[in-house]
Amino acid sequence: MPNLVIIGAGMAAGRLVERMSTAPGWHITLFNAEPRGTYDRIMLSPVLAGEKTYQQIITHDAAFYEDRGVTCRFGERVTSIDRTAKTVTGEEGMPVPYDKLVIATGSNPFMIPLPGHDLDGVIAYRDLDDTERMMSLDAGQKAVVIGGGLLGLEAAAGMHARGVDVTVVHLMGHLMERQLDEAAGNLLRKDLVSRGIKVLCSTNSQKVLGEDGKVRALLLDNGTELPCDLLCMAVGIRPNTALAAQAGLDMGKGILVNDQMQTSDPDILAIGECVEHNGAIFGLVAPLFDQAEVAAQTLLGQPAAFANRETATKLKVTGVNLFSAGDFAHADDREDIVFRDPKAGVYKRLVLQNDRLIGAVMYGDTADGAWFHGLIKDKTDISEMRDTVIFGPGFRGGGALDPMVAVAVSLADRNGRPTTRHNAPHQRGAPARARRAAAALKAA
Amino acid sequence: MDGTGTPSIRSTCPYCGVGCGVILRPDGVGGLTVDGDPDHPANKGALCSKGLALGETLSLDDRLLAPKMHGTQTTWDHALTTVANRFSEAIAEHGPDSVAFYVSGQLLTEDYYVANKLMKGFIGSANIDTNSRLCMASTVAGHKRAFGTDTVPGTYEDLDEADMVVLVGSNLAWCHPVLYKRLAAARAARGTKVVVIDPRRTATCDIADTHLKINPGSDVALFNGLLKHLANTGTLDQSFIDAHTEGFADALTMAEADTCRATGLPASQVAPFFMQFARTEKVITIFSQGVNQSTSGTDKVNAILNCHLATGRIGKPGMGPFSVTGQPNAMGGRETGGLANMLAAHLDLENPGHRSAVQQFWEAPAVAQSPGLKAIDLFDAVHDGQIKALWIACTNPAVSLPNAGKVREVIEKCPFTVVSDVTDQTDTARLADIVLPATGWGEKDGTVTNSDRTISRQRGALPAPGQARGDWDIFAEVGRRMGWHAAFDYASPAEVFREHAALSRIAGSFGRDFDISGLADITDAEYDSLAPVRWPVTATRTGGRFFGDGKFFTPSGKGRFVAVKSRVPAATPCEQYPFRLNSGRVRDQWHTMTRTAKTPRLSRHLAEPFLQIHPSDAATLGLQPADLVRVTSPSGTAILRALITPDAAEGAPFAPMHWTGETAPAARIGPVIAAATDPVSGQPETKAATVALERFAPAWYGFAVATADLSPDCAYWARMRTDAGWRAELAGTETPDCWTSFAHALFGLDTAPATVTDPRRALTRLAFWQDDILQAALFISAEPVEVARDFVADALGTPAKGLLAARPGEDMPDPGPTVCSCMSVGRNTLIDAIHASPGAALDQICTATGAGTSCGSCRPEVADLLQKYALREAAE
């Protein structure tokens, strides 16, 4: 029976095991540095906000794996891979042989190397431990979050929901600049500020100030001190590649993989946030599941190829409706359709290229997000519905329009002759053709 | 009172010359419900879309409630004294012909009588003319030439008995819908043959067996050809000709010299019409503005009358020539003499015997000796400085007269102008020195005479708003203040009417037609309860037809043939102005829309002025449907929406006349029409201007709706009422830097709108909500704007989520543009109904949707849809 060893039990690994455990004939060993099974990391924010419990976000616990004959080595970090011997060695020291190895070590949060970043009370926002640390704050205590991206804002909103006095410090000019354009970012900022979260954009941090080895405040480079009981850095992730690098696998920003999710060693696959595929690294869950599916196929000897597809983002902050998908950078061959309703706090921007939707940003009303996402993924030609596309699928088949309704279709209708602009027998700028057509019409 | 305890008041509709009876019931909160009067002989309970919507036109929001001098409110006393003094001064300094009245076919007979008496008998000038000049003058002149008097020979009942009805220059279906309905019913019952003679295909053609699409202005050639045919085929009534007429030989000779070629019709179309006319004894020729509004209008009338005289088909049941008038009281105006070339009671200004009899009756100082200035000449005289004081009552010449641009300047230049009207929000009233608040329909008391000589009471059912007074009262008061106390000492319209009826006794004594002396002694109570009565009303005779007995009102007592020769319209198409512009009415609007534009229901049918143009002309011009077209004539220019349809005559596009500076300043047709007039009647030729057409290419097109009135500032706009506010079409030559600022100025708002922009397509949409209720929206596009207009207009005052999509969502059917105004049934609803019940007849579709079940004016349009979409179904 071939041995499959999987390092890491995050969401990608969980999906992979699910697939592999239904295929008979494999012995699976699952290492996880965290002393627990697989949980839905995306749902940590609702846990932080008190809207869900940890129990509710567990997707595959130890019992699940054991039922499927998986050997779980939770709480044990893998220390080395011996590609020659085809073994993996964990902290407990006994090498575990593999026929196939899947590295799913995920990513590490990036900690800004500010002076004082190692003080107690300076945390990232990555796992349940970080979440619990934030949850331990009492109402009225102060927290600073560095990073106004998806995770940072979820952390801020979650703590704020618990009564914590939160300030977000963001280096860029507007929040969530990777997912939102300036207009939507500003709407989001207004929204958060109106809830009582302080937001400082275009703001650089200089130093973490401490007292008795514990964080006391964040010093900004403009000299302002932001007192805090907890400092959360949520400024991005780095693929966790140390183990793979040590094993001599080819590296880019992450572990380089081909479309079959194989690393430079065909017996070693990698999936999840630790990989780099076609120059891309990954932070959202949808492509990770795709990778797990492809990896399972590859291991089972079936043809499959991973293709990165458009992903959509939603911010999981209750009451904030925000959606972002695709590419929305400005470019000469791109066209915008923009809807703004400042009173209702709604903003939508669609980015078009060659009559196809390539990006969508929405704020305040994201009901049509999935539909837009579909249009982007399917590269649907939207020229026929361009007038209403921003209003969503509910208007595709809406009442037919015609500029002639201004002037009595009923009059124009006499004799049932074509008289509307769209079926008129002639087009502007083609008088000769038009005359011929009109003559034909008359003859008829 | 009726059974419900609500007081019900019988009156008449203020629109066209059919003169339908209505029953008014005040709703107790300033409004009225309006129903057709089943007992009125003109309509027997039927009403058209305009009549049915009368109750919606009574809002006081633009009413003039107190006199104003130079825009500032003043007292009646001050205003009237000023008017009297300025007129008296002008007369003292420059003579009686230095003052003039320009009045209206909307005035009641009593109003007309007092104004005419004041001008012709006491001021001593005949400078009183009326907008009937634009409408009926050629018929008046033609009648007088042939009959000796302005007499309509027949009655509406004749329509029920005719075997053939020829409609010349009459879109009866839209302009006289209740008569049209009557004709359609007769046709259904007895197979009446209907012939429409009109350069364009109109809704009336829906019941036509034959449509002769003649060249504009060529009616004389056609009827001369008919006369020739009648002579050649021995269809003449030689004994009638010999015994009761004169001038036949000359008329026939002239006709023989004429040729039908001018009509542009092939013999294959003309011959069957001639033959049918020749062999049908009971034939009626209905004629209207297509005949009258022409430089050969009077000759056209006589060419028609000649054919009826030659066959003796006049004044007998089911036959005769029949002029249908455009205004409710054009006939009453003619009866009182309210035209510059008439005296009073169908008596002649030129006749010294008539003059002295009237002078004696009035105990007047100086009866006018010679005809006064007819409408066009009158405003020319103002221009020349001859008129020092001008009184315009109840009409809007700055819009409606030809060369209206000049008329506007002229009024502004006149040293002293008084306007009495229900509103000062008209293009004309804005130019006046003094505006006087007059009572309007629903408030006024008096009588009107319809197209078949039926005199009916118009009765007030509502109190006069503010300080408004009846027109008769205003004229009488000025007469008293000018020093003629006894002559203008009227206390009520009944008193005026009795005097008018008594005066007509003189006409009777001269052997004239208009004699209602039988009503001269009616009491106030009898006047109040006067039932519709057809004149004459004398001790010996009431109503009936004229001329069947061969007795005419000419000096010889014989009917006169008039030798006429066809003439082309005054302006000839040339390289610079190659098109001929036809003009006229649309179904749901009336004149300059001062009343009809108040009702959103009516404004839905055609919410924008347009140019109906033939596809081949459009192709030549590179026009697409919904483009804007610039219409240019030597006298002015207008911008109109292109409505491309084979209904229009090739080379002769059509534009409606209704839009004004208030509703669509760039789309006024008046300024485009040159002031050429008929040499006999003085009636302007408003259907044959020569024009150049070109596509008007604005930088942007717009559509706007707003709960409050909007003030567009752009090259083209046209606005209309909606249920909850206003809608407007817009177009501009320069794109504003900021559409939000433009919208703020347009709507008078300063809040932040919701917007959609698609810069590549120059598409911008803005909408304003207040407390989640839609206040205003603006749709801008580089192309004619695509919006579900009725849907958007109806969204005003509602939450209207998703409005900027400019159309209803999938789950909300769009009823489409309104076809049936009464029942608010849209085109899409009708098409759906037609699809849903294949093979259904018109009645079934109407019953299923409600369309055409009220006034029935839209039934031709429903029939068209049925034909089109039912056929399509069959073809699939």
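Where is B:Phe488 found? In this predicted model, B:Phe488 turns up in the loop between α19 (471-481) and α20 (493-509) of chain B.

**View 1. A loop phenylalanine and its neighbours in chain B.** Is B:Phe488 buried or exposed? B:Phe488 has 22 other C-beta atoms within 10 Å, and 20 or more is enough to call a residue buried, so B:Phe488 counts as buried. Leaving out residues up to four places away in sequence, B:Phe488 touches B:Val114, B:Ala476, B:Gly479 and B:Arg480. Don't look for B:Pro712 among these contacts: the C-alpha atoms of B:Phe488 and B:Pro712 are separated by 46 Å, and the two residues sit 224 places apart along the chain.

**View 2. Helix α3 of chain B crossing α20(B).** Here α3 (residues 109-123) packs on α20(B) at an angle of about 70°, with 9 Å between the axes. That angle makes the two helices, α3(B) and α20(B), roughly perpendicular, because anything from 65 to 115 degrees falls in that class. The crossing of α3(B) with α20(B) is left-handed. On the α3(B) side you'll find B:Thr109, B:Glu110, B:Tyr113 and B:Val114, and they meet B:Pro493, B:Val496, B:Phe497 and B:His500 of α20(B). Sorted by type, the residues of this contact come out as five nonpolar, two polar and one charged. B:Val114 should look familiar from the previous view, since B:Phe488 touches B:Val114 too.

**View 3. Helices α8 and α10 of chain B.** How far apart are the axes of α8(B) and α10(B)? The axes of α8 (residues 219-232) and α10 (residues 248-257) lie 8 Å apart, and the helices pack at an angle of about 115°. The two helices, α8(B) and α10(B), are therefore roughly perpendicular to each other. Their crossing, α8(B) with α10(B), is left-handed. From α8(B), the contact uses B:Asn224, B:Leu227, B:Lys228 and B:Ala231, while α10(B) brings in B:Ala251, B:Leu252, B:Ala255 and B:Glu256. The tally for the contact of α8(B) with α10(B) is five nonpolar, one polar and two charged residues.

**View 4. The mostly covered helix α16 of chain B.** Seven of the nine residues in α16 (residues 375-383) are buried. The buried ones are B:Ala375, B:Ile376, B:Asp377, B:Leu378, B:Phe379, B:Ala381 and B:Val382. What covers them? The cover over the buried residues of α16(B) includes the strands β6 (99-103), β7 (128-130) and β14 (389-393), along with the helices α17 (397-400) and α18 (404-413), all from chain B. Just past the end of α16(B), B:Gly385 takes a positive phi of about 90°.

**View 5. Helix α1 of chain A.** Over in chain A, α1 (residues 11-20) is mostly covered as well, with eight of its 10 residues buried. Those are A:Met11, A:Ala12, A:Ala13, A:Gly14, A:Arg15, A:Leu16, A:Val17 and A:Met20. For the wider setting, chain A has 12 helices and 27 strands, and 45% of its 444 residues count as buried.

**View 6. The end of chain A, with confidence in mind.** Mean pLDDT for chain A is 85, and 89% of its residues reach 70 or more. Residues 402-444 of chain A are another matter: pLDDT stays under 50 there, although the model has 97 contacts beyond four places in sequence for this stretch.

Terms used
Residues are numbered from 1 along each chain as its sequence is written. Chains are lettered from A and ligands numbered from 1 in the order in which they are written. This is a predicted model: local features need pLDDT of at least 70, side-chain atom pairs count only at pLDDT 80 or more; totals for chains, interfaces and linings use all residues. A residue is buried if 20 or more other C-beta atoms lie within 10 Å of its own, exposed if 12 or fewer, and partly exposed in between; C-beta atoms are placed from the backbone. Helices (H or I, at least four residues) and strands (E, at least two) are DSSP runs, numbered from the N terminus. Two residues are in contact if their C-beta atoms, placed from the backbone, lie within 7 Å. Axes are lines fitted to C-alpha atoms, for helices over the stretch in contact, and angles run from 0 to 180 degrees between N-to-C directions. Angles under 35 degrees count as roughly parallel, over 145 as roughly antiparallel, 65 to 115 as roughly perpendicular and the rest as oblique. A crossing is left-handed if the near helix is turned anticlockwise from the far one by less than a right angle, and right-handed if clockwise. Ala, Val, Leu, Ile, Met, Phe, Trp, Tyr, Cys and Pro count as nonpolar, Asp, Glu, Lys and Arg as charged, and the others, Gly among them, as polar. pLDDT is the predictor's confidence in each residue, from 0 to 100.
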